[in-house]
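These are my notebook entries on a structure that is new to me. I record what I looked up, one topic at a time.

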Amino acid sequence: MTNDLTHTDADYRAYGPWEQFIRTASDHTMLRRGPLQSLITLSEDVLARGIPGAFVETGVWRGGAGFVMAEAIRRAGDDTRQVWMFDSFEGLPPPSNVDGTRAEQYLRDTDSPWYHDNCCADFDSVVATADQLGFAPRIVKGWFDTTLPTHAEAIGPIALLRIDCDWHDSVLVCLETLFDQVSPGGVVIIDDYFYYDGAAVAVHEFLGRRSAPFRIESVLSDGAGRAYNEGAFLRKIATPDQDRGQRVSTLARFTTRPTNPEHAVHDRTPASQFVGPRR
C-alpha cells in the first residue's frame, strides 16, 4: 500500500472522473499525482490523435502505471491496442558509477518507505490484479537485455513508451531496443530523468549519437508553492508546438497541489506534506 506516501485526499479528488480508478491503482504504483496525471493526459492525447501502436512500460513494479494506460485505452473504446509490461520482478540490478550519489543513497537506505525491497514485486500478484481489473496486458518477466529484443517484433509499432527503470544501463537498453518502434508523434516518458543522473545521461547519449532533435519536456509539480521537476517526456516530433494540433494539455506538464507554507520541500516525503518526487 503506497497511497499514503503518494497521495492526499485532495490529490485523489483532483483526478475528476478518474478519481475512483486512481484510488485503486495508486496501491500498485509509487507515482505521485504529477507524473500519474501526466501519464493519463499523454495516454489520452496519443489516443485522441490516433497515433498507431501499443502502449509499453519497462519497469512495472506492482503494475499501477500499466493499469492506468490500459484504463485509458478502455475508456477510449479502443480494442485494437495491446499493453505490454516488462520487469525483472527481482528488483533493480546494481547501479553503475554514472547513476550518481542518489543511487548509492537509495541502496543504503533500506529502511526508507520508498525502498520496497529494492523495488521487488511478485509477478503472479501483478497478473492477478490485472485480471481483477479486467485487463489482459502482456506481462513479461526477465531482464530487459533479454526480454526486449525477444519481444520487439511482436510488440510492433509503439504509441507510448514509458521507461521507469532508474539506472543508466537499463534506460539505455530500453531506448536502443524500442525507440525506433515508437510511431511518429508518439510519446516516450522517462520517469527518472530528473531523479537519477544515469537516466539523464542515457537519454542524452542516445539522442546525441543520433543528432535527434526531439525536445525533453518537464513534468512540473507544485510543492508548498515551489515548482519542481517530477518527470520528463519527449514526443517524436522534430519541431514540437509549432501549431496548436501538436500541443498537449497543461496537465501533462504542470500539476498543482494544495500548499502549506509550514512544509519545506524535500524529496521522498509523504504526500501529506505535498512535496518530493517519486515514481
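**Entry 1. Two residues with positive phi**

I looked up W61 and found it in the loop between strand 1 and helix 5. The model is a predicted one. W61 has a positive phi of about 50°, although it is not a glycine. Is W61 buried or exposed? Its relative accessible area is 3%, so W61 counts as buried, the cut-off being under 20%.

I then turned to S211, which is not a glycine either and has a positive phi of about 50°. S211 is found in the loop between helix 11 (197-210) and strand 6. I noted a relative accessibility of 64% for S211, and because exposed means over 50%, S211 counts as exposed.

**Entry 2. The sheet**

In what order do the strands of the open sheet run? I read the order as 3-2-1-4-5-7-6-8, for 8 strands with mixed pairing. The edge strands are strand 3 (138-141) and strand 8 (254-255), each of which pairs on one side only.

I followed some of the pairings one by one. Strand 4 and strand 5 run parallel and are joined by 5 bridges. R162 has I189 of strand 5 as its bridge partner. I189 also stands opposite F233 in strand 7. Strand 5 and strand 7 pair in the antiparallel sense over 4 bridges.

Strand 7 pairs with strand 6 as well, in the antiparallel sense and over 6 bridges. G223 has R226 of strand 7 as its bridge partner. The hairpin of strand 6 and strand 7 has 2 residues between the strands, and A224 takes a positive phi near 50° there. Strand 6 (residues 217-223) also pairs with strand 8, in the parallel sense over 2 bridges. In that pairing, S221 has T255 of strand 8 as its bridge partner.

I next checked how far two of these strands are covered. In strand 5, 8 of the 9 residues are buried, so this strand is largely enclosed by the rest of the structure. Strand 7 is mostly covered, with 7 of its 10 residues buried.

**Entry 3. Helices across the sheet**

Which strands does helix 4 (residues 33-48) lie across? I listed strand 1 (54-58), strand 4 (158-163), strand 5 (182-190), strand 6, strand 7 (226-235) and strand 8. Helix 4 runs at about 165° to strand 4. Helix 9 (residues 144-155) lies across strand 1, strand 2 (83-87), strand 3 and strand 4, and runs at about 165° to strand 2.

**Entry 4. The nonpolar cores**

In soluble globular proteins, nonpolar side chains tend to be buried together. I therefore looked for such groups here, and the largest nonpolar core has 52 residues. I22, F55 and V68 touch the most other members. Elements that each supply at least two residues of this core include helix 3 (19-25), helix 4, helix 6 (101-108), helix 8 (123-132) and strand 2. Helix 5 (64-75) is also on that list, and helix 5 gives the most, with 7 residues.

I listed contacts of F55, leaving out residues up to four places away in sequence; among them are V46, L47, M69, I73, V83, W84 and L160. Apart from the largest core lies another, of 33 residues, among them A54, L148, V182 and A212.

**Entry 5. L178 and helix 10**

I looked up L178, which lies in helix 10 (residues 168-178). At 0% relative accessibility, L178 counts as buried. What does L178 touch, not counting residues up to four places away in sequence? I found V56, T58, L148, A152, I155, I158 and L161. L178 and V56 are 122 residues apart in sequence, yet 9.4 Å apart in space, C-alpha to C-alpha.

Other buried residues of helix 10 include H168, S170, V171, L172, C174 and L175. What covers the buried residues of this helix includes strand 1, helix 9, strand 4, strand 5 and helix 11.

**Entry 6. The largest pocket**

Lastly, I looked up the largest pocket, which has a volume of about 260 Å³. Which of its 18 lining residues are the closest to its centre? They are P93, W143, F144, C165 and S170. Helix 9 and helix 10 each supply at least two residues of the lining, and helix 10 gives the most, with 3 residues.

Technical notes: Residues are numbered from 1 along each chain as its sequence is written. This is a predicted model: local features need pLDDT of at least 70, side-chain atom pairs count only at pLDDT 80 or more; totals for chains, interfaces and linings use all residues. Side-chain values use heavy atoms; hydrogens and water are left out. Two strands pair if DSSP finds at least two bridges between them. Contact means heavy atoms within 4.5 Å. Axes are lines fitted to C-alpha atoms, for helices over the stretch in contact, and angles run from 0 to 180 degrees between N-to-C directions. A nonpolar core is a set of buried Ala, Val, Leu, Ile, Met, Phe, Trp, Tyr and Cys residues joined through side-chain atoms within 4.5 Å. Buried means under 20% relative accessible area, exposed over 50%, partly exposed in between (1.4 Å probe, protein chains only). On a 1 Å grid over the protein atoms alone, a cavity is a set of points where a 1.4 Å probe fits but cannot get out, and a pocket is an open set with protein on both sides within 12 Å along at least five of seven lines; lining residues have an atom within 4 Å of a point. Grid points are joined across faces, edges and corners, and a volume is the space filled by probe spheres set on the points.
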